[in-house]
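This briefing introduces one protein chain to a reader who has not seen it before. It starts with the core and then goes through the strands, the metal site and the confidence of the model.

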Amino acid sequence: MGTKEYVAKRNFKITPEPRGTKKTRSRGKQHPLMFVVQEHHASHLHYDFRLEMDGVLKSWAIPKGPSTDPTVKRLAVEVEDHPLSYGSFEGEIPKGEYGAGQVYIWDTGVWQPKGSAHEGLEKGRLEFNLKGKRLHGNWLLVRTSRAAGNKNQWLLIKRSDEYADLEEASPKATTKTGLKKNPRSLRLS
Ligand code: MN
């Protein structure tokens, strides 16, 4: 827990990414939890999936991005916690820096765990609901292997519900809508 690893990997004199503050939301009282999916044009294009929990963004890198087809399981590699302020970050990470390349917000909104999120993370089975602009309904993250450091492997799977779509197996299809050219239209105000 915490963003020490995030801070250690980055030089904030060079990268425009947020350093993050300790806690930007009060604890205790329930508030809507944010999620964000960032399209990251690093050495390999991937989609960073982040869920707010305990004042940070729990994060997974998904090489192929989320699929709304419940029969498709997408590899999601657990990465270091990011600060909450990363949830609104878009921009160019300069060459030579960690994760160099363009970052766009591909989707954002609120998420809600089914039951205890802490227990889900611990047990390796996290069920939740998303209310985004692109992603909706029920989803599942299942841990398939544990690795040293933070590189546990998970699968992100769409659950069958009214938002499931067998045709839409890849986010690449929807980036053709032009939203990508104007990523700011997806930002939360
Ligand atoms: Mn990334």
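A nonpolar core is a set of buried Ala, Val, Leu, Ile, Met, Phe, Trp, Tyr and Cys residues joined through side-chain atoms within 4.5 Å. The largest such core in this predicted model has 21 residues. Within this core, F49, L51, W60, F128, L130 and L141 have the most contacts.

**Overall make-up**

- The chain contains three helices and nine strands.
- Read from the N terminus, the order of elements is α-β-β-β-β-β-β-α-β-β-β-α.
- The chain has 189 residues, and 47% of them count as buried.
- Among contacts with a separation of 6 or more, 58% are between residues 24 or more positions apart.
- About 10,100 Å² of the chain is exposed, and 52% of this area comes from carbon and sulfur atoms.

**Nonpolar cores**

- In soluble globular proteins, nonpolar side chains tend to be buried together.
- The largest nonpolar core has 21 residues.
- At least two residues of this core come from each of β1 (33-41), β2 (45-53), β3 (56-62), β6 (101-113), α2 (117-123), β7 (125-132), β8 (136-145) and β9 (153-158).
- Strand β2 gives the largest share of this core, with four residues.
- There is also a second, separate core of eight residues, and Y6, L57, L84 and V103 are included in it.
- Leaving aside residues up to four places away in sequence, F128 touches F49, L51, W111, Q112, P113, K114, G137, N138, W139, L140, L141 and L156.

**Strand β1 and its partners**

- Strand β1 is largely enclosed by the rest of the structure, because seven of its nine residues are buried.
- Strands β1 and β6 run antiparallel and are joined by nine bridges.
- One residue pair to look for here is E39 with its bridge partner Y104 in β6.
- Strands β1 and β2 are also antiparallel, with seven bridges joining them.
- V37 has F49 in β2 as its bridge partner.
- The two strands β1 and β2 make a hairpin, and three residues lie between them.

**Strand β7 and its partners**

- Five bridges pair β6 with β7 in the antiparallel sense.
- G109 is placed opposite G132 of β7.
- Strands β7 and β8 run antiparallel and are joined by seven bridges.
- K131 has H136 in β8 as its bridge partner.
- Between β7 and β8 there are three residues, and the two strands form a hairpin.

**Manganese site**

- Which protein atoms are the donors of the manganese ion? They belong to H40 (ND1), H46 (NE2) and D48 (OD), and they lie 2.1 to 2.3 Å from the ion.
- Along the sequence, the spacing of these donor residues is H-x5-H-x1-D.
- H40 has a relative accessible area of 8%, so it is buried, the cut-off being under 20%.
- D48 also counts as buried, at 6% relative accessibility.

**Two residues to examine**

- D54 is in the loop between β2 and β3.
- The phi angle of D54 is near 55°, which is a positive value in a residue other than glycine.
- Is D54 buried or partly exposed? With a relative accessible area of 32%, D54 is partly exposed.
- L75 is in strand β4 (residues 73-83) and is partly exposed, with a relative accessible area of 33%.
- L75 and L155 are 80 residues apart along the chain, while their C-alpha atoms are separated by 4.7 Å.
- Not counting residues up to four places away in sequence, L75 touches A61, I62, P63, Q153, W154 and L155.

**Confidence of the model**

- The average pLDDT of the chain is 87, and 83% of the residues score at least 70.
- Among the elements, β7 has the highest mean pLDDT (98), and helix α3 (residues 171-174) has the lowest (51).
- The pLDDT is below 50 over residues 173-189, a stretch that has 31 contacts in the model beyond near neighbours in sequence.

Note on methods: Residues numbered from 1 in each chain as written. Heavy atoms only, no water. Donors = N, O, S within 2.8 Å, 3.2 Å for Na, K, Ca; no water. Buried < 20%, exposed > 50% of the residue type's maximum accessible area, 1.4 Å probe, protein only. Contact = heavy atoms within 4.5 Å. Areas by Shrake-Rupley, 256 points an atom, 1.4 Å probe, with all protein chains shown as cover. Pairing = 2+ DSSP bridges. pLDDT = per-residue confidence, 0-100.
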